[in-house]
Amino acid sequence: MLSERVERLRHEGDETLEGERFLGETLSGLDLRDLEFTDVTFFKCRFSGCRFSDTVFYRVRFEGCDFSNCSFTDSRWKDCEILDCKGLGADFRAAHWKGCALRGCLLRMANFSQTLWDQCGLKDCDLSQSTWMECKLNRWTAGGCGLTGVSFFRTPLKDIDLSRCDIDGITVSETFSELRGLTVGAHQTVGLARLLGMKVEG
């Protein structure tokens, strides 16, 4: 079990867990801070109140897992896959992501503030009411994602294509500078016009 493996690692003064699979585990209050997971798979695991702060994930796969309300602050992710997972209210503040894919995930009300993204793709994820304040999105793509009520305060969206996403009710700063260079579809312009204080008739 994961809890036993972590306890053994701590006892041995090691911080790396490599090449293992954890299936259908339910874990509560587990302290996973400062560990490194390499080539690890989590399948249908449920994490409740677990802490992953400052944890490193390299070629890790989460599939069908639930990590709602868990803390991943200052975590590092590289070449990872998060598939069909649930992370309501999860805290990813100041996490770094590179070469990762998130698909079919429910991440409502999650906090992604001050995160850094490079070559990452999100597809068919529900990110409604999540927070993306002061983020850096480099070669970041989102397709078919629900972004209703998302805050992009001080997050530049230049060269980002959100034309296939639901962006109703997004919020930005008073200058609207975040929207410069953003690509949207014609069907989304009415909502953005209202955001900018314009009246739309017809």
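Arg33 is partly exposed, with a relative accessibility of 34%. In this predicted model, Arg33 pairs with Asp31 in a salt bridge whose N to O distance is 2.8 Å. The structure as a whole holds 12 salt bridges. A negative surface patch is also present, made up of acidic residues that include Asp74.

**Arg33 and its network**

- Asp31, the partner of Arg33 in the salt bridge, has a relative accessibility of 23% and therefore counts as partly exposed, since that class lies between the 20% and 50% cut-offs.
- Arg33 falls in the partly exposed class too, at 34%.

**Glu81 and Arg103**

- The side chains of Glu81 and Arg103 form a salt bridge, with 3.5 Å between the closest N and O atoms.
- Glu81 belongs to strand 10 (residues 81-83) and Arg103 to strand 12 (residues 101-103), so this salt bridge ties together parts of the chain that lie 22 residues apart in sequence.
- Glu81 is partly exposed, its relative accessible area being 27%.
- Arg103 is partly exposed at 35% relative accessibility.

**Glu134 and Arg154**

- A salt bridge joins Glu134 to Arg154, and its closest N and O atoms are 3.5 Å apart.
- This pair links distant parts of the chain, 20 residues apart: Glu134 sits in the loop between strand 13 (116-123) and strand 14 (136-143), while Arg154 sits in the loop between strand 14 and helix 2 (189-195).
- Glu134 has a relative accessible area of 34% and is partly exposed.
- Arg154 has a relative accessible area of 54%, which is over the 50% cut-off, so Arg154 is exposed.
- Elsewhere, salt bridges with shared partners connect Arg10, Asp31, Arg33 and Arg51 into one network.

**Negative surface patch**

- The patch consists of Glu12, Asp14, Glu15, Glu18, Asp34, Glu36, Asp54 and Asp74.
- Asp74 is located in the loop between strand 8 (61-63) and strand 9 (76-78).
- At a relative accessibility of 33%, Asp74 is partly exposed; this value is over the 30% that patch membership requires, so Asp74 meets the accessibility condition.
- Patch members must also have no salt bridge, so Asp74 and the other residues of this patch are without one.

Conventions: Residues are numbered from 1 along each chain as its sequence is written. This is a predicted model: local features need pLDDT of at least 70, side-chain atom pairs count only at pLDDT 80 or more; totals for chains, interfaces and linings use all residues. Side-chain values use heavy atoms; hydrogens and water are left out. Patches are made of residues with over 30% relative accessible area and no salt bridge: like charges are joined within 9 Å, nonpolar side chains (Val, Leu, Ile, Met, Phe, Trp, Tyr) within 5 Å. Accessible areas come from the Shrake-Rupley method with a 1.4 Å probe; for residues, only the protein chains shown count as cover. A salt bridge is a side-chain nitrogen of Lys or Arg within 4 Å of a carboxyl oxygen of Asp or Glu. Lys and Arg count as positive and Asp and Glu as negative; His and the chain ends are not counted. The place of a charge is taken as NZ of Lys, CZ of Arg, CG of Asp or CD of Glu. Helices (H or I, at least four residues) and strands (E, at least two) are DSSP runs, numbered from the N terminus. Buried means under 20% relative accessible area, exposed over 50%, partly exposed in between (1.4 Å probe, protein chains only).
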